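Please look over the two-chain structure shown here. The report below covers its symmetry, its interface, its salt bridges and two residue environments.

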Number of protein chains: 2
Amino acid sequence: MKKTHKIILTEKEMPTHWYNIHSDMPNKTMPLLHPGTKQPIKPEDLAGLFPMELIKQEVSMEQFIEIPEQVQDLYRLWRPSPLVRARNFEKLLDTPAKIYFKNESVSPPGSHKPNTAVPQAYYNYKEGVKKMTTETGAGQWGSALAFATGFFDIGLQVFMVKVSYNQKPYRKSMINIWGADVVASPSGFTESGRKILAQDPGSPGSLGIAISEAVEMAAKDPETKYSLGSVLNHVLLHQTIIGEEAIKQLEKTDDYPDIVIGCFGGGSNFSGISFPFLRDNLLNGNKTRFIAVEPASCPKLTRGKFSYDFGDTVGLTPLIPMYTLGHDFIPPKIHAGGLRYHGAGAIVSQLLKDGLIEAQAVRQGESFEAGIMFARTEGIIPAPETTHAIAQVIKEAKQAREEGVAKTILFNFSGHGLVDMASYDKYFSGALHDYETTEDDIRKSIQKLENISV
Amino acid sequence: MKKTHKIILTEKEMPTHWYNIHSDMPNKTMPLLHPGTKQPIKPEDLAGLFPMELIKQEVSMEQFIEIPEQVQDLYRLWRPSPLVRARNFEKLLDTPAKIYFKNESVSPPGSHKPNTAVPQAYYNYKEGVKKMTTETGAGQWGSALAFATGFFDIGLQVFMVKVSYNQKPYRKSMINIWGADVVASPSGFTESGRKILAQDPGSPGSLGIAISEAVEMAAKDPETKYSLGSVLNHVLLHQTIIGEEAIKQLEKTDDYPDIVIGCFGGGSNFSGISFPFLRDNLLNGNKTRFIAVEPASCPKLTRGKFSYDFGDTVGLTPLIPMYTLGHDFIPPKIHAGGLRYHGAGAIVSQLLKDGLIEAQAVRQGESFEAGIMFARTEGIIPAPETTHAIAQVIKEAKQAREEGVAKTILFNFSGHGLVDMASYDKYFSGALHDYETTEDDIRKSIQKLENISV
């Protein structure tokens, strides 16, 4: 009897709608506030940064939103993505648990990020936008948006966090191949960047700083719009294609997840795989657990504070109600650059506050160990971000063994690590530090949140 | 009406047999000769290097050979691979031609190489082998064999051509992640390496030299076997899974290829996609054209000589009847390291001699241009080797436009370029040389073949 590894959907079976969890949440998110007036933000306040269709999605209460045909067509370049039963990994872990992963690494840029990059580029194109800006951490978002804007002849300026710009040169090259421009952030191109450099010329940068630069450039030019790769509601919305596909794929088996796991930076890949299953908890009384896994060095979910805070370091974005470490918290230079973000976004934070999802923190060394175990059994080399999810899967699989229960675990394989090999080299050479942020660092950074009076 | 991009086979539809074209060739290949006695080689002469099952496949005249169940199971980690209709690329080329590609980049190492790495590791494992050696050019073969030997707990020493070892550091890291060892070749570890280094301490290496090193190390240790990633009959045999899948996939459309294209180093990916379709030419009178595309800097098919020659530089392998530039020809340092090989293997050479396949040469600059055009339309960034096939596809698609004929073109997308980004950087910076080998270089190298009396 041949055992199947991959559960495949045809292109015709691809879901045609994104799921908007906001419509089903028992407690809605508190409103975003204008950074100047501290009043609830109005759609027109955001019109300088985003096309109107995305602003509508940001505040929509519709349960499902149709995916435009042109976006579906581009999705089909790599979607539906495979759902894989990790049989070899299960065997290595000697667990009664069934482990499935959704392989989002099959997209051309190698991660889940094009799921939102393509619709964002599309809606900008439909409203006549010719130039966009964005930030990127490890480069997965920047390369995905370069890939997407290329299809619509939109120019793109990417601000890439300096530490990753130096650690991950190949992602810069990908951005160039797809026709976009990229600079290290903090840069001298913006007031925000110059301000940071004046304070700390050796600043490694952070996602918060890079967002400030990209937002500033877009805000100053009426022809230019800004794009964010995570955190915001419309971004999480687009990522739900992952979970909607996984539901259809698991229907072809006898299994349903007891636990859903995703690594967590701003929340987009975790939300993408979780929200469609969480709908069954909210509406049908299911008891699936959802675990967001963050790095121990940037623990906003497990050790941050629920508060209004800026999305960027300089304070240009709306105030977001969220779990945060404080907007000027600069995380240690871990290799999972995509997880180096101080805040968690409004929807995920509300869900965590309401006990509808859980959070765990994992150290860098543990995550690389997990990644290598996975690569040696399932073959694929995970991105440093993704290894955090895998480390948690290992814990849950061991727990299942101790309990003797055949749980079904589903995790999001958010991206491959082929462009992050230098990180693995460091791990093997023993030069990789196991950062953990101290109580004192966190306390000091969070204290400053008191200055934000709303 | 939604247009389909990918034609998918389920794991259950995966072919269960490899196709051995040797059984159907009108003229069989001339025998391999022992490098010492110059007599046709006997199976026992190869027993020090290869397990017996692979030696049997090397000389088999069976038409189909069953794929062992354990190999099929590992294949299913990534196979069947998608067949993709390159609709966006067709549109860019404004051609009436239909262009399909078989996407072999979806394997964990990112190329077609695991198709033979896995069965080679398996047959070695079945015969109790604990250690293997191999050479690698760009690292695609070395990383694929590391991936494969890892599943069977076989130790592996990879000799990687020095120019690629320095150009492509990430493939070394992949080899390490999957648990194997890698050194730059020529190395000081073998007599062959030391001999080359004594003559030319700055030698960039070549596949021929690296083969000498790997063969020497295996020959000297009765516990160690050697593995080759191309050229030999059993390697080409294993790659036919590509074409066998493509046949089943095209049966789901109304199309059949008029032209089949693959880039050409030692012949494995070209043969893998071509031979199953070539069967229809040989047995059913079809008229499909098969085009092997080599780099202009290493033009053994278009400008080499059909002769007995060694597979390696030092002269340790059997003498192979093939198109060759001479076994001590050192190709210029082009970025398509996998195509830097002096010879073409016995089966492909015989087919070319008999006019059953064609060959074309493409320059490096032209190939990178083609690769970027492809990346900007279909999304995926091709390996420098694969861009050679794409450059030829462009020529044939333009020809189809001029003729106004809706030909069907099928090519093998042998691997992605995510680990070769430094090569694209060089292209963009203008630092990439457009090598072409001179008539004089070729004449001198080929002249030395006269010293090989058989």
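What follows is a short report on a predicted model.

## Symmetry of the two chains

Two copies of a chain are related by a rotation about an axis and a shift along it. Here, a turn of 180° lays chain B on chain A, with a shift of 0.0 Å along the axis. The RMSD of that superposition is 0.0 Å. That is the relation of a two-fold axis.

The interface follows the same pattern. Of the interface residues of chain B, 100% are also interface residues in chain A, so the copies meet through the same surface.

## The interface

How many residues of chain B are in contact with chain A? The count is 48, and they touch 48 residues of chain A. Together the two chains bury about 4,000 Å² between them. Carbon and sulfur atoms carry 59% of that area.

Polar contacts join 22 residue pairs between chain B and chain A, counting pairs with both residues at pLDDT 80 or more. On the chain B side, five elements give two or more residues: helix 2 (69-75), helix 5 (140-151), helix 7 (169-177), helix 15 (364-378) and helix 17 (421-429). Helix 7 of chain B gives the most, with 6 residues. By class, the side of chain B that touches chain A has 23 nonpolar, 12 polar and 13 charged residues.

## Salt bridges across the interface

Side chains of opposite charge can pair when their charged atoms come close. Across the interface of chain B and chain A there are 2 salt bridges. In one salt bridge, the side chains of E11(B) and K6(A) meet at 3.0 Å, N to O.

Which residues join K6(A) and E11(B) in a network of salt bridges that share partners? They are E69(B), D73(B) and R76(B). The network thus has members in chain A and in chain B.

## Salt bridges within the chains

Over all chains, the whole structure has 46 salt bridges. One of them pairs D255(A) with K98(A), with the closest N and O atoms 2.8 Å apart. D255(A) sits in the loop between helix 12 (241-250) and strand 10 (259-263) of chain A, and K98(A) in strand 5 (residues 98-103) of chain A, so the pair ties together parts that are 157 residues apart in sequence. D255(A) is buried, at 12% relative accessibility. K98(A) is partly exposed, with a relative accessible area of 27%.

In chain B, the side chains of R79(B) and E245(B) form a salt bridge, 2.9 Å from N to O. R79(B) lies in the loop between helix 2 and strand 4 (83-85) of chain B, while E245(B) is in helix 11 (residues 241-250) of chain B, so this pair links parts that are 166 residues apart in sequence. Both R79(B) and E245(B) are buried. Back in chain A, E403(A) forms a salt bridge with K407(A), and their closest N and O atoms are 3.0 Å apart. E403(A) is partly exposed at 42% relative accessibility. K407(A) is buried at 13%.

## The surroundings of E135(B)

E135(B) belongs to strand 6 (residues 131-136) of chain B. Is E135(B) buried or exposed? At 4% relative accessibility, E135(B) counts as buried, because the cut-off is under 20%. The side chain of E135(B) makes a polar contact of 2.7 Å with the side chain of Y226(B).

Leaving out residues up to four places away in sequence, E135(B) touches residues including W141(B), F159(B), L207(B), A210(B) and I211(B). A214(B), Y226(B), S227(B), L228(B) and G229(B) are also among its contacts. By contrast, G404(B) lies 269 residues from E135(B) along the chain, and their C-alpha atoms are separated by 45 Å.

## The surroundings of T190(B)

T190(B) is placed in the loop between strand 8 (181-185) and helix 8 (191-199) of chain B. With 1% relative accessibility, T190(B) is buried.

What lies 2.9 Å from a polar atom of the T190(B) side chain? The backbone nitrogen of G193(B) does. Not counting residues up to four places away in sequence, T190(B) touches F159(B), E213(B) and E216(B). F159(B) is also among the residues that E135(B) touches.

Technical notes
Residues numbered from 1 in each chain as written. Chains lettered and ligands numbered in written order. Predicted model: local features only at pLDDT ≥ 70, side-chain atom pairs only at ≥ 80, totals over all residues. Heavy atoms only, no water. Contact = heavy atoms within 4.5 Å. Buried area = accessible area lost by both parts, 1.4 Å probe. Salt bridge = Lys/Arg side-chain N within 4 Å of Asp/Glu carboxyl O. Polar contact = N/O pair within 3.5 Å; in protein donor to acceptor, adjacent residues only side chain to side chain. Helix = DSSP H or I, 4+ residues; strand = E, 2+ residues; numbered from the N terminus. Nonpolar A, V, L, I, M, F, W, Y, C, P; charged D, E, K, R; others polar. Buried < 20%, exposed > 50% of the residue type's maximum accessible area, 1.4 Å probe, protein only. Least-squares fit on C-alpha atoms with pLDDT ≥ 70 in both.
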